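Subject: Structure handover

Hello,

Here is the structure you asked for. Please load it first, then read the notes below.

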Amino acid sequence: MPTWPFSPHTAFADNTVPKVTATHINDWESAQNSVFWAAYLSRPQCRIFCSDGASIIGTVAPMLIRDLATSKYVYAAAPSFYLTPSDLETPAVSWPASSWLYLYAKCLGGVIVWEISTTAPVVTTPDGTSATPSNLFKNGDDSRRYIAAFYSNGSSVIQRFQRIDNETTLLDEAQCVPALAGITTWQSPSIATYVPPHVQEVTLSAQLENYSVGARALYITFDGDAPANPRGIYTSAGSYNGELISVFMASQVFRWKTNSNVLDHTVRVSVRSWRD
């Protein structure tokens, strides 16, 4: 049978019959702490997008956050937002060029304020031993809750994207292996302009055109890996195949190769989405 806190601790009557004891109060606080920790270490749901390369638009669910004005942990909510370079940590008229940017929520007197920074989020160790599986707060400051990351290119134009919760989908073609011939040794292209340093998984669009009279295969894996049985896509003679492949990310690099170095097939790989 369920016990406290999933069933009532004690059935109290008016005038505290039976008495409220220290055990009751301590158990209530313990249960409250457990609920608060779970909420505090959960990433707020969100839907955020950039469709014009210039502004960030979105909505973020209410959250538990430390209020900078009172130093208390509070429930706070915010309306939809429209963000520009004026919302940078140091306000500007344009986005920093060739930079990953990070959106944080902070709270001032119960009001959510958005802050965009070049400082990346980090994994949290709330008790000094355990660690959260994903990055939740700005490095060195748990009053800034991490919401999203996006890239500003060399012309200070935001790489267009849509983000739902912890997954970001790129709205434009992001080709990282552009029409190369087959190579039988592992290649390691960087996708550092498409995925942030703290990325955990990427979805790649892998395509293989086969002009040969035999079968050809494209293999894909993560940085530093050289598996005996890599995942991949396969084509028979004179055919084409394309698939979406999710890859664990140990860095901002992945690896690919084919089963033949004869110039009778073409490889293309693009980044579709990433998760953090």
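Val122 stands opposite Phe137 in S9. That is a good place to start, with one caution: this is a predicted model.

Strands S8 to S10

Strand S8 covers residues 121–123 and strand S9 covers residues 135–138. They pair in the antiparallel sense, over three bridges. Phe137 also has a bridge partner in S10, namely Arg145. S9 and S10 run antiparallel too, joined by two bridges. Together S9 and S10 form a hairpin, with two residues between them. Gly140 sits in that turn, with a positive phi of about 85 degrees.

Positive phi outside glycine

Most residues other than glycine have a negative phi. Two residues here deserve a look on that score. Ser156 is not a glycine, yet has a positive phi of about 65 degrees. Its place is the loop between S10 and strand S11 (161–164). Is Ser156 buried or exposed? Ser156 has a relative accessible area of 19%, so it counts as buried, the limit being under 20%. Asp165 has a positive phi as well, near 60 degrees. Asp165 is found in the loop between S11 and strand S12 (167–170). Asp165 is partly exposed, because its relative accessibility is 28%.

The cavity

How many cavities of 30 Å³ or more does a search of the whole structure find? The search finds one. The volume of the largest cavity is about 40 Å³. Its lining consists of Trp100, Ala149, Phe150, Tyr151, Gln159, Phe161, Thr168, Leu170 and Trp274. S10 and S12 are the elements that give two or more residues to this lining. S10 gives the most, with three residues.

The nonpolar cores

In soluble globular proteins, nonpolar side chains tend to be buried together. The largest nonpolar core in this model has 30 residues. Those with the most contacts inside it are Ile191, Val202, Leu218, Ile220, Phe254, Val269 and Val271. Many strands feed this core. At least two residues each come from strand S6 (99–108), strand S10 (141–152), strand S13 (175–181), S14, S15, strand S17 (240–248), S18 and strand S19 (265–275). Another core lies apart from it, with 24 residues. Leu101, Leu103, Ala105 and Ile147 are among them.

What does Ile191 touch, not counting residues up to four places away in sequence? The contacts are Cys176, Val202, Met249, Gln252, Phe254 and Val271. Of these, Val202, Phe254 and Val271 also appear in the list of residues with the most contacts inside the largest core.

Ser205

Ser205 lies in strand S14 (residues 201–210). Ser205 is buried, because its relative accessibility is 9%. Leaving out residues up to four places away in sequence, Ser205 touches Glu243, Leu244, Arg268, Val269, Ser270 and Arg272. Val269 is one of the residues with the most contacts inside the largest core.

The three-stranded sheet

One open sheet has three strands, in the order S16-S15-S18, with antiparallel pairing. Its edge strands are strand S16 (231–235) and strand S18 (254–258), each pairing on one side only. The twist averages 15 degrees from one strand to the next. Strand S15 (residues 216–222) is joined to S16 by five bridges, and the two run antiparallel. Within that pair, Ala217 stands opposite Tyr234.

Best wishes

Methods
Residues numbered from 1 in each chain as written. Predicted model: local features only at pLDDT ≥ 70, side-chain atom pairs only at ≥ 80, totals over all residues. Heavy atoms only, no water. Helix = DSSP H or I, 4+ residues; strand = E, 2+ residues; numbered from the N terminus. Buried < 20%, exposed > 50% of the residue type's maximum accessible area, 1.4 Å probe, protein only. Contact = heavy atoms within 4.5 Å. Pairing = 2+ DSSP bridges. Axes fitted to C-alpha atoms, helices over the stretch in contact; angles between N-to-C directions. Core = buried A, V, L, I, M, F, W, Y, C linked by side-chain atoms within 4.5 Å. 1 Å grid on protein atoms, 1.4 Å probe; cavity = no way out; pocket = protein on both sides within 12 Å on 5 of 7 lines; lining within 4 Å. Points joined across faces, edges and corners; volume = space filled by probe spheres on them.
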